[in-house]
Amino acid sequence: MLSYDFLEGRGFKELMKLMEPQYLVPSRTTFLRSVVPELYCSVKQKTANEIYRDIEDIPSYSFTTDLWTSRAQDSFISFCLSYVSPEFQLKTFALENKPFPGEHTGESILESLDKTIDNWELPRTVPIYALRDNGSNMKSAMNLSQSFYDLSCFDHTLQLTINDAVSEIDEMQTVLSKSRRIVSHYHHSCQATQNLHREQKRLGKVERELIINVATRWNSDYFMLKRLCEEKDAISAELAISEKIDNLTNAYWKLAEGYHTILAPFEQASRELCGKNYPTLSMKISALHGLNQQLQRFINDPSHKGCMVLIARKLKLKLDRRFPQFISALPDAACTFLDPRYKSIFFSEQQQATVVDSLHQYSKEFRSRGGAGVGGGGHCALSDHHTNLIQGTSASAGAPAPAFESAGPGSGPGSSPGQVVYGMTSTACLQQQLQIGCRQLMMQLLCKRRSECI
């Protein structure tokens, strides 16, 4: 993005004079006071009109919020709205990214979110799902809220899992530290970069820059080690000549290669669940199941020994701690069950029965309300039968069933394990996933029918 001063630059003025001599370039003041504010108001009104057309007929909506700080140490808070329109389109709008001065407490965050909802006149009579990171102040804001159903970011939790495992292994921290030092050397020396490109060209490789890891960027350790291992020969040749920085030892190169191999499934999972054009909650159980399977295969492989097996074990342990009983989380389980790609493949017969009964009960309650959204700040009274199902007991069978956790307003990943809050929290997830799942199934049937006709 260019500054307003660019408009008054000599080069830009000469370019515009050459392209259109009759055009008078507005001054930076005109853009600052008139053009940009008018454009903002126009886009905001257009966005608001589109939202207002849809919002009256949707059963629920969700928003994503985050705090970040610019290089100038200015704090901002964002608000991104998502919902499925009556025309069955998944829509997303970045409504606000506004300054957030003062202390970043749970109270101030909640106050800012409430103001945004009020300013955009978003309804509070339907379930509102809030997606946030794992910051303690964000958790506090959700716990204080009586209107939002709390959901934590899967990818952020996955990165915390990786950080937890690496922090307990000294050898891996040493590899990352030395690797970063090598990459920084090439990033800060033009001569070293030119020498590296020369070695890459000599080896018949494409000239590529090295990637440095950034603490706030997901999977950056993986991408750094992957590129480093891909350019190992060129780096080793250049460092042998320059002798300005120590190269990795053979043992550390093997650790780097093994580590980025272990992290490859994590990168794939986070990339797929970062999608914004398709629902991702139903993919969560599948991703975690796949990661556990991949780590177990790596551990059982007799060719893998020493530190790499220790890393895999640590990752598996931290994964279990960050995602306890992930198959028995009700919103996730219900969405997975409704997804035609997965259906019941991850669930036992008892778990299937629990999900199905919960969905049936929800369907009855939704029809009894005439299809209206849940009122009273997002709460919905549950029958004793449904409460028993959520708790993991079956009144009819008289025997305990697998417990399904239910996250309600002020609950969620930040709550204690096994805590159950009695609220119909899967409303938006279930409705959106059911609609999209049915549409996918219809498309598959239509394609099959068309192929049969041909």
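# Exercises on a predicted model

**Exercise 1. Lysine 284**

Leaving aside neighbours within four places in sequence, which residues are in contact with lysine 284?

Solution.
- Step 1. Beyond that range, lysine 284 touches Phe154, Leu273, Phe323 and Asp332.
- Step 2. Place the residue: lysine 284 belongs to helix α11, which covers residues 284–300.
- Step 3. The relative accessibility of lysine 284 is 17%. The limit for buried is under 20%, so lysine 284 counts as buried.
- Step 4. Follow one contact, Asp332. Asp332 is one of the buried residues of α13. The others in that list are Leu330, Pro331, Ala333, Ala334, Cys335 and Thr336.
- Step 5. Helix α13 spans residues 330–338, and seven of its nine residues are buried, so the helix is largely enclosed by the rest of the structure.

**Exercise 2. Confidence in the model**

In which element of the chain is confidence lowest, and in which is it highest?

Solution.
- Step 1. This is a predicted model. The mean pLDDT of the chain is 80, and 80% of the residues reach 70 or more.
- Step 2. The lowest confidence is in strand β7 (residues 399–400), with a mean of 31. The highest is in helix α3 (residues 106–119), with 95.
- Step 3. Over residues 372–430, pLDDT stays under 50. The model still has 134 contacts beyond four places in sequence for this stretch.
- Step 4. Where pLDDT is low, the predicted coordinates should not be read in detail.

**Exercise 3. The chain as a whole**

How many helices and strands does the chain have?

Solution.
- Step 1. There are 16 helices and seven strands.
- Step 2. Of the 454 residues in the chain, 43% are buried.
- Step 3. Take the contacts with a separation of 6 or more: 65% of them join residues 24 or more positions apart.

**Exercise 4. The nonpolar cores**

Which residues have the most contacts inside the largest nonpolar core?

Solution.
- Step 1. The largest nonpolar core holds 59 residues, and Met172, Tyr259, Phe266, Ile311 and Leu315 have the most contacts inside it.
- Step 2. Helix α10 (residues 250–272) gives the largest share of this core, eight residues.
- Step 3. Tyrosine 259, leaving aside neighbours within four places in sequence, is in contact with Ile162, Val166, Met172, Leu176, Leu225, Met308 and Ile311.
- Step 4. Another core lies apart from the largest one. This other core has 27 residues, including Ile51, Leu81, Ile109 and Ile117.

**Exercise 5. Helix α8**

How many of the eleven residues of helix α8 are buried?

Solution.
- Step 1. Helix α8 runs over residues 220–230 and is mostly covered, with eight of its eleven residues buried.
- Step 2. These are Ser220, Asp221, Tyr222, Met224, Leu225, Arg227, Leu228 and Cys229.
- Step 3. The buried residues of α8 pack against α6 (170–187), α9 (232–242) and α10.
- Step 4. One of them, Leu225, is in contact with tyrosine 259.

**Exercise 6. Histidine 187**

Is histidine 187 buried, exposed or partly exposed?

Solution.
- Step 1. Histidine 187 is in helix α6.
- Step 2. The relative accessible area of histidine 187 is 41%. Partly exposed lies between 20% and 50%, so histidine 187 is partly exposed.
- Step 3. Beyond four places in sequence, histidine 187 has contacts with Leu210 and Ile212.
- Step 4. From histidine 187 to isoleucine 211 is 24 residues in sequence and 9.0 Å in space, C-alpha to C-alpha.

**Exercise 7. The second largest pocket**

Which residues line the second largest pocket?

Solution.
- Step 1. The lining consists of Leu39, Tyr40, Val43, Lys44, Thr47, Ala94, Leu95, Glu96, Asn97, Pro99 and Trp120.
- Step 2. Sorted by class, seven are nonpolar, two polar and two charged.
- Step 3. At least two lining residues come from each of α2 (28–55) and β3 (90–99).
- Step 4. The space in this pocket is about 230 Å³.

**Exercise 8. Two loop residues**

Where does glutamine 73 lie?

Solution.
- Step 1. Glutamine 73 is in the loop between β1 (61–69) and β2 (75–84).
- Step 2. Its phi is positive, about 65°, although glutamine 73 is not a glycine.
- Step 3. Glutamine 73 is exposed, with a relative accessible area of 62%.
- Step 4. Phenylalanine 88, in the loop between β2 and β3, likewise has a positive phi of about 65° without being a glycine.

Technical notes
Residues are numbered from 1 along each chain as its sequence is written. This is a predicted model: local features need pLDDT of at least 70, side-chain atom pairs count only at pLDDT 80 or more; totals for chains, interfaces and linings use all residues. Side-chain values use heavy atoms; hydrogens and water are left out. A nonpolar core is a set of buried Ala, Val, Leu, Ile, Met, Phe, Trp, Tyr and Cys residues joined through side-chain atoms within 4.5 Å. Buried means under 20% relative accessible area, exposed over 50%, partly exposed in between (1.4 Å probe, protein chains only). Helices (H or I, at least four residues) and strands (E, at least two) are DSSP runs, numbered from the N terminus. Contact means heavy atoms within 4.5 Å. On a 1 Å grid over the protein atoms alone, a cavity is a set of points where a 1.4 Å probe fits but cannot get out, and a pocket is an open set with protein on both sides within 12 Å along at least five of seven lines; lining residues have an atom within 4 Å of a point. Grid points are joined across faces, edges and corners, and a volume is the space filled by probe spheres set on the points. Ala, Val, Leu, Ile, Met, Phe, Trp, Tyr, Cys and Pro count as nonpolar, Asp, Glu, Lys and Arg as charged, and the others, Gly among them, as polar. pLDDT is the predictor's confidence in each residue, from 0 to 100.
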